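User: Please take a close look at the contact surfaces in this model. I should like one connected account of how the chains and their domains meet.

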Amino acid sequence: MVRPMYKITKRTQLSQNEYDFLIEAPRIATKAQPGQFIILRINDSGERIPLTIAESSATKGTIRLVFQVIGKTTAELAQLNVGEFILDLTGPLGMPTEIKDYGTVLIVGGGVGIAAIFPIVKGLKNAGNRVITILGAKTAELVILAKECQEYSDELIITTDDGSLGMKGLVTEAMEQVIAREPINYSWAIGPSIMMKFCTETASNYDLPINVSLNPIMIDGTGMCGGCRVTIDGNIKFACVDGPEFKGTQVNWDEFISRMKQYTDEEDACLADYQKAQVIHNG
Amino acid sequence: MARRSRTKTPIAEQKPKVRNSNFNEVCLGYTIEEGQAEAIRCLQCKDAPCIKSCPVMIDIPGFILAIKEGNMQEAAEILSSYTNLPAICGRVCPQEKQCEQVCKLGMAKNFEPVAIGKLERLVADWALENQDFSKLSQSDQPKIGRVAVIGSGPSGLTVAGDLAKLNYEVIVYEALHDSGGVLTYGIPEFRLPKRIVKKEIESIKALGVTIETNVVVGKTITMDELRSEFDACYISVGAGAPNFMGISGTALNGVYSSSEYLTRINLMHSYEFPKYDTPIKRSQQVVVIGGGNVAMDAARCAKRLGAEHVSIVYRRSLEELPARIEEYHHSVEEGIEYHWLTNPIEYIDNGNGDLSGVKCIKMELGESDESGRRSPVPIKNSEFIIEADTVIEAIGQGSNKVLLSTFPELKLTKWGYIEADPKTGETSIPGVFAGGDIVTGAATVILAMGAGKVAAVQIDNYVQEKMKTPVTTKV
């Protein structure tokens, strides 16, 4: 079997638990569009996990992945260094964001979801939109890619839960202020599911159309198992092939949030085992 | 000569009580001596009907005679001239509906047919153990042409193997990280050990076939790119998109498609969690919906993961069960329970978004439908609840749209499968061939292989013709 090797060419730690990797994957880099993701598997005993493509360079043949350590696989990924390889990387997967000139757009990113909105911000700016971007995080340290987003935004608003950077408060409060101030034609929100749910409520209060990017549990990522199924406007859709982007108002949020918890016990046990093994290994 | 035994030579199997808690192969296979004892039973018919009912027309009396004479090498050579995947077909073909169904010995009163499948498996396993593929030398003649095969399931592997034998450069593109298609992610270890699949694929690669994994055609590479780079393409992406009944409660935690359940177990090794990272629910009460081989596989996997009660809910009766009868018997021996003439109507929520039971309704068989099967009709006021923490829907698959949606020029049937001539594998686009489940809908491994054999010949013809056509140069 020909196994292309996916080499890590750059590794940056963005915060205590967030990492920024550049990986060699020429085929994916050539095809990737905003809104798409990859599935990776670190090694032979590994699981397949989805991560959004934060940026891609067809000329350099690299893709950029930004992730947060939340369980065993991401913890293991964070341990990899420049020059090391990822065993499997598949993509680009999912439907791309519809990039066109909408007029004025409002784009909201929360936490590590900021990495997922960055290519959309960039794409929409390059398509001629007036782009207003809101980045939200718990504290200043967790506001990632602010400089990059700034470069492609006409206006950048930062909110933190503790007020350590920008406005103190939630992204929805910043949304309200922008919507009250000027007409917006379309909006996006990507971040924790609860944030996307409330952004959807805020937008729909003002009849502002909003797209969200769902991050359900996935296995293959190519439409063959239905593990990532979500209910959209009463119909079963597979987020990996029909999405991951959907209209926020059509998502059955309670169901989506409940399905995210399917393997919490197993995930916790797996991470605990891994951490224990790391401690033994490192003395 | 001793009288022919009326019954098949017995074959060793793991005991039901032992095997229902492990994933090791149930059937242990014949020894060469047992195989010879079985081979003696073959009547060596001149007009062997078994050959005609084999989708790839294996010379069955021929390879059985070689076993009888103790010439395993010759038996292996006969097999490999017809099939590229004998160790797999010997295990998973429904022989009772194909070669063994028409065996003349089996037609005789009180006689069982020759165990053709088990003999094929014996020879194939012998070959995998005793042949050194690395010594196979590939032809140093210039290649006739380049062919892209999309999907590395049984159909794609067959086309690839046959075209490599004809001296083509073949590249197989596979979306997943492992090749084999349903052989790898679908059929469980206890029916088809993955080391057998891997070895059989190695033997195809030894012919000079390249397999590239992690390539989703339509996304990673487009059909346009493939068509410009290759002389011909063969699409064999299978029917891998799960159907859901869509009844109330489908989104509850604990509701799986059989595709997800089996992919987690077979491809991702979740039964070895946490040694492997992919989790699976260790359920207590499992209900599987459906009556095909996939339903049997899912139910038997659930049992092996430690479930106390595993029941299969099927809307018709045993007589109509589409699964292999051997697998049905195995499942009963392993303690799988059956609810015949029963259909689920609702999945019940325990209040926290988790499944607590399956509400079913009893059915009765009414008039025959167009397929000749009596269609099940619900009986009023016959609802009942089966307690369950897990339900697995195994009600069939449809065509996956990932490739097809990016290739709108390709003509599809009204069911969304590729329209291809069954005699040639030709599609509406010249140079693009298709076969297997993406043409027929979910069928069997051997039919997919048969389609591959047919297409390989036609692809060769097509490319040879194309080479002959004078190149018109623009002046």
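Analyst: The account below begins with the interface of the two chains and then turns to the domain contacts inside each chain.

This is a predicted model, in which local features need pLDDT of at least 70, side-chain atom pairs count only at pLDDT 80 or more, and totals for chains, interfaces and linings use all residues. Residues are numbered from 1 along each chain as its sequence is written, chains are lettered from A and ligands numbered from 1 in the order in which they are written, and side-chain values use heavy atoms, with hydrogens and water left out.

Between the chains, 50 residues of chain B are in contact with 47 residues of chain A, contact meaning heavy atoms within 4.5 Å. The buried area here is about 4000 Å², and carbon and sulfur atoms give 53% of that area; buried area is the accessible area (1.4 Å probe) that two parts lose on being put together, summed over both. On the side of chain B, B:Asn214, B:Lys219 and B:Asp277 supply 17% of the area buried against chain A, more than any other three residues.

The rule finds 4 salt bridges across the interface of chain B and chain A, a salt bridge being a side-chain nitrogen of Lys or Arg within 4 Å of a carboxyl oxygen of Asp or Glu. One salt bridge joins B:Glu225 to A:Lys31, with the closest N and O atoms 2.9 Å apart. Polar contacts across the interface of chain B and chain A come to 20 residue pairs, both residues at pLDDT 80 or more. A polar contact is a pair of N or O atoms within 3.5 Å; within protein, one must be able to donate a hydrogen and the other to accept it, and residues adjacent in sequence count only if both atoms are side-chain atoms.

Strand E3 (209-212), strand E5 (241-242), strand E6 (255-257) and helix H13 (258-267) of chain B each supply at least two residues of the side that touches chain A. Helices (H or I, at least four residues) and strands (E, at least two) are DSSP runs, numbered from the N terminus. H13(B) gives the most to this side of chain B, with 4 residues. By class, the side of chain B that touches chain A has 22 nonpolar, 18 polar and 10 charged residues. In this division Ala, Val, Leu, Ile, Met, Phe, Trp, Tyr, Cys and Pro count as nonpolar, Asp, Glu, Lys and Arg as charged, and the others, Gly among them, as polar.

Within chain A, the division is into domain 1 (6-93) and domain 2 (104-260); such bounds come from an automatic or database domain assignment. The centres of domain 1 of chain A and domain 2 of chain A, taken over C-alpha atoms, are separated by 21 Å, and each of the two domains gives 20 residues to the contact. Together they bury about 1600 Å², 63% of it from carbon and sulfur atoms. A:Glu18, A:Phe37 and A:Arg48 supply 25% of the area that domain 1 of chain A buries against domain 2 of chain A, more than any other three residues.

Across this interface of chain A the rule finds 2 salt bridges and 5 residue pairs in polar contact, both at pLDDT 80 or more. Strand E2 (18-24), strand E3 (37-41), strand E4 (49-52) and strand E6 (62-68) of chain A each supply at least two residues of the side of domain 1 that touches domain 2. E6(A) gives the most to that side, with 4 residues. The residues of this side of domain 1 of chain A divide into 10 nonpolar, 5 polar and 5 charged.

Chain B is divided into domain 1 (12-131), domain 2 (136-240 + 399-468) and domain 3 (245-396). The centres of domain 1 of chain B and domain 3 of chain B lie 31 Å apart, taken over C-alpha atoms, and the contact takes 16 residues from domain 1 and 15 residues from domain 3. The area buried between domain 1 of chain B and domain 3 of chain B is about 1200 Å², with 47% from carbon and sulfur atoms. B:Arg19, B:Asn20 and B:Phe23 supply 48% of the area that domain 1 of chain B buries against domain 3 of chain B, more than any other three residues.

Between domain 1 of chain B and domain 3 of chain B the count is 4 salt bridges and 13 residue pairs in polar contact, both at pLDDT 80 or more. H1 and helix H6 (86-92) of chain B are the elements that give two or more residues to the side of domain 1 that touches domain 3. That side of domain 1 of chain B has 6 nonpolar, 4 polar and 6 charged residues. B:Arg19 also forms a salt bridge with B:Glu333, the closest N and O atoms being 2.6 Å apart. This pair links distant parts of the chain, 314 residues apart, with B:Glu333 in helix H15 (residues 325-333) and B:Arg19 in helix H1 (residues 16-19) of chain B.
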